[in-house]
Amino acid sequence: MELNVGGRMETNSVSRAEFFCRRFGLRVPVLLAPMAGACPPALSIAVANAGGMGAAGVLLMSAQEIVAWARDVRAGTGGPFQMNAWIPGPAARRERAHEDRVRAFLAGWGPAVAPEDGDGQPPDFEAQCEAMLAVGPRAVSSIMGMFEAAYVARLKARGIDWFATATTVAEARQAEAAGADVVIAQGAEAGGHRGSFRAEDAEQRLVGLFSLLPCVADAVRVPVVAAGGIADARGVAAALALGASAVQIGTAFLRCPEAGIPAAWAEALGRTAPEQTAITRAFSGRAGRSIAGAYVEAAGGAGAPAPAPYPVQRGLTAKMRAAAVREGDLQRMQAWAGQSASLARVAAAGQVVAQLWEGAREILR
């Protein structure tokens, strides 16, 4: 409820956020987004020590790496963290003739690509799930779909909450019905991969956060966390006013020294306007938002072959992506970025957390 009293907007936004914090052991309703490959322990330690929730995107991590990450984080903080897993989709349909065309295209952007480069697979999903259970984070979150009911039951038996990422109202309702304790409403502004349950929806149903969020908040009874395009106190305040209990933020933390991303990527974020990002499948085969460098534009241009499906495309682009990082070449780099990238500041992660919440409370007062 919102009431305009004496010229001031009185809301229950702050009290809702404070309730969420008490439930999940936070001092600040700010969650680090679980960005695969960009959530080193140092970043989660800093966010958790500032009162927020740390995170790991375990997509590329083996079971042993998941255990080691949690051990390192717990050595630096007693604060909570979540671990996030991609729900596997159907096996990729391989078309060697098409992959040959993709390899020929990629040869113009980096080292030669061998046919077998597309054969790699992510670490074993079942082993990742078992490792997350053993580690016992405050929450395990899903993206690209939902966990099976049996695994959700095992999480809850261990006192681990399930945070389900949803990109539409329909997905949010499905997640709540399946037992999600929290819904993360991911708007199309978000950097990195789109969390749609079906891969084809990731490019067809691009719903902005501030349209999605109030509708999801009205549709479900569990707490809603807002994600996508939030990078300063104004965005936090707006998300809370629209029904969120907390925010999940990725891009705004990538310029923090604790993130440790390549310098060319970090520097580019500060000068990237919203329209200079794009949804692309050119890096992994799955749709995600990145800085629209020369490779992204060329891969989406006339005459370029369509990307191979995930994870084939990810394997085919691995050499190019590695070369781009070595050479500091942003034009070929997998530089994920949300549409509010230019609002990201170079500052310690703990300072960013404090500024986000203190500023939002001042706006909402």
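# Report on a predicted protein model

At 24% relative accessibility, Arg281 counts as partly exposed, because partly exposed covers the range between buried (under 20% relative accessible area) and exposed (over 50%), found with a 1.4 Å probe on protein chains only. The structure is a predicted model, in which local features need pLDDT of at least 70 and side-chain atom pairs count only at pLDDT 80 or more, while totals for chains, interfaces and linings use all residues. Residues are numbered from 1 along each chain as its sequence is written, and side-chain values use heavy atoms, with hydrogens and water left out.

**Arg281 and its surroundings**

Arg281 sits in the loop between strand E12 (277–280) and strand E13 (288–291). Helices (H or I, at least four residues) and strands (E, at least two) are DSSP runs, numbered from the N terminus. Apart from residues up to four places away in sequence, Arg281 touches Glu203, Arg286, Ala287, Ala306, Pro307, Ala308 and Gln313; contact here means heavy atoms within 4.5 Å. With Glu203 there is also a polar contact of 3.3 Å between the two side chains. A polar contact is a pair of N or O atoms within 3.5 Å; within protein, one must be able to donate a hydrogen and the other to accept it, and residues adjacent in sequence count only if both atoms are side-chain atoms.

**The whole protein**

The protein has 15 helices and 13 strands. Its radius of gyration is 20 Å, close to the 21 Å that the globule rule gives for 365 residues, so the protein is as compact as a globular protein of that length. The radius is taken over C-alpha atoms, and the rule is 2.2 Å times the number of residues to the power 0.38. Along the principal axes, the C-alpha atoms fill a box of roughly 65 × 45 × 40 Å.

Of the 365 residues, 55% count as buried. The accessible surface comes to about 15000 Å², and 53% of that surface belongs to carbon and sulfur atoms. These areas come from the Shrake-Rupley method with a 1.4 Å probe; for residues, only the protein chains shown count as cover. Among contacts between residues at least 6 apart in sequence, 68% join residues at least 24 apart.

The protein carries 35 positive and 33 negative charges, and the mean positions of the two sets are 2 Å apart. Lys and Arg count as positive and Asp and Glu as negative, with His and the chain ends not counted. Each charge is placed at NZ of Lys, CZ of Arg, CG of Asp or CD of Glu.

**Pairs separated along the chain**

The table gives C-alpha separations for four residue pairs.

| Pair | Residues apart along the chain | C-alpha separation |
|---|---|---|
| Ala264 and Val325 | 61 residues | 8.4 Å |
| Leu59 and Met83 | 24 residues | 9.8 Å |
| Glu176 and Val220 | 44 residues | 6.8 Å |
| Arg281 and Tyr310 | 29 residues | 8.7 Å |

Ala264 belongs to helix H11 (residues 263–269). This residue is buried, with a relative accessible area of 18%. Beyond its neighbours within four places in sequence, Ala264 is in contact with Gly328, Leu330 and Met333.

Glu176 is part of helix H7 (residues 169–177) and counts as partly exposed at 23% relative accessibility. Outside the four places on either side in sequence, the contacts of Glu176 are with Ala219, Val220, Arg221 and Val222. Val220 is thus both a contact of Glu176 and its partner in the table.

Leu59 is in the loop between strand E4 (54–57) and helix H3 (63–76). Its relative accessible area is 11%, so Leu59 is buried. With neighbours within four places in sequence left aside, its contacts are Ala36, Asn84, Trp86, Pro122, Pro123, Gln128 and Tyr310. Tyr310 is followed by Pro311, and the peptide bond from Tyr310 to Pro311 is cis, with omega near 0 degrees. Pro311 lies in the loop between helix H12 (294–299) and helix H13 (312–316).

**Strand E6 and the loop after it**

Ser141 is in strand E6 (residues 139–143). It is buried, with a relative accessible area of 1%. The side chain of Ser141 makes polar contacts with the side chain of Gln82 at 2.5 Å and with that of Asn84 at 2.9 Å. Residues that Ser141 touches, not counting those up to four places away in sequence, include Pro34, Met83, Phe147, Phe163 and Ile184.

Met144 lies in the loop between E6 and helix H6 (149–157). Phi of Met144 is near 70 degrees, a positive value in a residue other than glycine. Met144 is also buried, at a relative accessible area of 4%.
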